[in-house]
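This report walks through one protein chain, from single residues to helix packing and the core. Please keep the sequence and the model in view while reading.

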Amino acid sequence: MDGQRSFIDDLKHQYHYGGASIRLLFINVGVFLLINLLLVFGRLANSPAMSAFLGEIFALETDIPSFITHPWGLLTSLFAHFSFFHLLFNMAFLYFVGRVFEQLFDQKRLYYTYFVGGIFG
């Protein structure tokens, strides 16, 4: 082998050694791809229920009774992006600010800030 990594190997390397901001970026992009893949299958199957189902899983309920019956929205809404530009701008901000944040603090604090900021945001 001539010492070059494949694209997949490079992605794996970045995920393992890129830091917390890169891991969060990968997770967010993965969830975005999963959501959109499910939406495409829902449209192909002519099933409007798929969009409602994804809303049930990834939306954060604002009224107390709905929140009590759907508490997972507190976590899943942190990773849900339903439009490409929403994902693009959030991930660009996460990448640049996250790298600086990791230089000033540690990865554990970045995770903590991401989750607490997402919950209170």
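## Ends, helices and packing

Q4 is exposed, because its relative accessibility is 56%. Q4 sits in the segment before α1. Its C-alpha lies 34 Å from that of S83, and the two residues are 79 apart in sequence. The model behind these values is predicted.

**Overall layout.** The chain has seven helices and zero strands. Read from the N terminus, the order of elements is α-α-α-α-α-α-α. Along the principal axes, the C-alpha atoms fill a box of roughly 50 × 35 × 20 Å. The chain has 121 residues, and 25% of them count as buried. Among contacts with a separation of 6 or more, 55% join residues 24 or more positions apart.

**Three helix pairs.** Two packed helices are described by the angle between their axes and the distance between the axes. Helix α2 takes part in each pair below.

| Pair | Axis angle | Axis distance |
|---|---|---|
| α1 and α2 | about 125° | 7 Å |
| α2 and α3 | roughly 155° | within 9 Å |
| α2 and α6 | about 170° | 8 Å |

Start with α1, which covers residues 7–17 and packs against α2 at about 125°. That angle makes α1 oblique to α2. On the α1 side, the contact uses L11, Q14, Y15 and H16; on the α2 side, it uses I22, R23 and F26. By class, these residues are four nonpolar, two polar and one charged.

Next comes α3. The axes of α2 and α3 cross at roughly 155°. The two helices are therefore roughly antiparallel, as the angle is over 145 degrees. From α2, the residues V31, I35, L38, L39 and G42 make the contact; from α3, they are M50, S51, L54 and F58. This contact holds seven nonpolar and two polar residues, and no charged ones.

The third partner is α6. Its axis and that of α2 are 8 Å apart, at an angle of about 170°. So α2 and α6 are also roughly antiparallel to each other. Their crossing is right-handed. A20, S21, I22, L24, L25, N28, V29 and F32 of α2 meet F84, L87, M91, L94, Y95, G98, R99 and E102 of α6. The tally for this contact is 11 nonpolar, three polar and two charged residues.

**A buried asparagine.** One polar residue in the α2 and α6 contact deserves a closer look. Is N28 buried or exposed? N28 is buried, because its relative accessibility is 0%, where the cut-off is under 20%. N28 belongs to helix α2. Which residues does N28 contact, leaving aside neighbours within four places in sequence? They are L78, F79, H81, L87, M91, L94 and Y114. Of these, L87, M91 and L94 are among the α6 residues that meet α2.

**The core.** The largest nonpolar core has 14 residues. Within this core, I35, F58, F79 and Y114 have the most contacts. Three helices each supply at least two of its residues: α2 (20–44), α3 (49–58) and α6 (84–104). Which helix gives the most to this core? It is α2, with five residues.

F58 links several of these points. F58 is in helix α3. F58 counts as buried because its relative accessible area is 12%. Beyond its neighbours within four places in sequence, F58 contacts V31, I35, T76, S77, A80 and F82. Two of its partners, V31 and I35, appear on the α2 side of the contact with α3. I35 is also named with F58 among the core residues that have the most contacts. F7 and F58 are 51 residues apart in sequence, with their C-alpha atoms 30 Å apart.

**The loop after α2.** N46 lies in the loop between α2 and α3. Its phi is near 55°, a positive value in a residue other than glycine. N46 is exposed, because its relative accessible area is 67%. The helices on either side of this loop, α2 and α3, are the roughly antiparallel pair described above.

Methods. Residues numbered from 1 in each chain as written. Predicted model: local features only at pLDDT ≥ 70, side-chain atom pairs only at ≥ 80, totals over all residues. Heavy atoms only, no water. Core = buried A, V, L, I, M, F, W, Y, C linked by side-chain atoms within 4.5 Å. Buried < 20%, exposed > 50% of the residue type's maximum accessible area, 1.4 Å probe, protein only. Helix = DSSP H or I, 4+ residues; strand = E, 2+ residues; numbered from the N terminus. Contact = heavy atoms within 4.5 Å. Axes fitted to C-alpha atoms, helices over the stretch in contact; angles between N-to-C directions. Parallel < 35°, antiparallel > 145°, perpendicular 65-115°, else oblique. Nonpolar A, V, L, I, M, F, W, Y, C, P; charged D, E, K, R; others polar. Left-handed = near helix turned anticlockwise from the far one by under 90°.
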